Amino acid sequence: MFQLPELPYAYDALEPYIDAATMELHHSKHHATYVNKLNEALADHPDLMERDVADLLTNLSNLPEDVRAAVRNHGGGHHNHSLFWQSMCAEGGQPDGELASQIDQVFGSFDNFKARMNAAATSRFGSGWAWLITSSGGLEVISTANQDSPLSDGKTPLLGLDVWEHAYYLKYQNRRPEYIEAWWSVVNWTEVAKRLV
Ligand code: MN3
């Protein structure tokens with residue numbers, strides 16, 4: 001059985017950047033629904049239920065056809081959101097150490113990297129995610145549609161930004177760029193750097 005992870009902070013911890021009402025709805029309703037639907041979809045596949053969701057997403061094409069779409073959507077939703085909660089904290093900042101040097105090397109500067117993420121996040125039509133990923137080719141900024149995980153494309157997600165309307169609509173309505181700008185204040189770079197191994 002997959003479980004909804006608890007948030008590592010209170011629902012109001014990311015105020016004023018991300019409001020408590022959005023956090024509670026996003027975690028206790030949206031994320032919970034992905035977990036419940038993943039469990040429902042895998043009810044007849046106890047072997048898959050035992051595996052890690054990241055492992056299922058990495059090996060999507062090897063899964064039985066009858067569950068592949070459900071794992072992609074609900075498993076993706078579960079894993080993306082689990083990463084997302086851990087990637088935020090009340091005291092954001094900027095990366096340092098190895099991650100900061102790789103960002104400078106690949107993008108030229110932190111500001112250039114930020115501009116690339118912002119472009120990926122604002123230009124994603126409809127629902128999806130903007131990502132900083134790493135792969136054999138090094139760091140890269142990409143975006144995915146819906147709940148597609150970079151893992152299914154052989155990429156390791158380091159940092160993901162949820163640009164579904166449910167992530168910002170209560171506070172920012174249609175102003176996605178304002179939500180994106182606010183989100184930079186709550187990125188937990190310590191946690192993100194741990195994924196760079
Ligand atoms: Mn979401």
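**Figure 1. Close-up of Lys194 and its salt-bridge partner in the predicted model.** Lys194 is exposed, its relative accessible area being 55%. Its partner in a salt bridge is Glu191, and the closest N and O atoms of the two lie 3.3 Å apart. Both residues belong to helix α9 (residues 189-194). Because Lys194 and Glu191 are three residues apart in this helix, about one helical turn separates them.

**Figure 2. Close-up of the network formed by Glu140, Asp153 and Lys155.** These residues are joined into one network by salt bridges that share partners. Within this view, Lys155 pairs with Glu140, with 3.9 Å between the closest N and O atoms. The pair links distant parts of the chain: Glu140 is in strand β2, whereas Lys155 is in the loop between β2 and β3, 15 residues apart. Lys155 has a relative accessible area of 16% and is therefore buried. Glu140, at 31% relative accessibility, counts as partly exposed.

**Figure 3. Close-up of the salt bridge between Arg72 and Asp148.** The side chains of these two residues meet at 2.9 Å, N to O. Distant parts of the chain are linked by this pair, whose members are 76 residues apart. Arg72 is found in helix α4 (residues 65-86), and Asp148 in the loop between β2 (138-145) and β3 (156-162). Arg72 is partly exposed, with 41% relative accessible area. For Asp148 the relative accessible area is 16%, so this residue is buried.

**Figure 4. Overview of the salt bridges in the predicted model.** A search of the whole structure finds seven salt bridges. Among them are the pairs Lys194 with Glu191, Lys155 with Glu140, and Arg72 with Asp148.

Terms used:
Residues are numbered from 1 along each chain as its sequence is written. This is a predicted model: local features need pLDDT of at least 70, side-chain atom pairs count only at pLDDT 80 or more; totals for chains, interfaces and linings use all residues. Side-chain values use heavy atoms; hydrogens and water are left out. A salt bridge is a side-chain nitrogen of Lys or Arg within 4 Å of a carboxyl oxygen of Asp or Glu. Helices (H or I, at least four residues) and strands (E, at least two) are DSSP runs, numbered from the N terminus. Buried means under 20% relative accessible area, exposed over 50%, partly exposed in between (1.4 Å probe, protein chains only).
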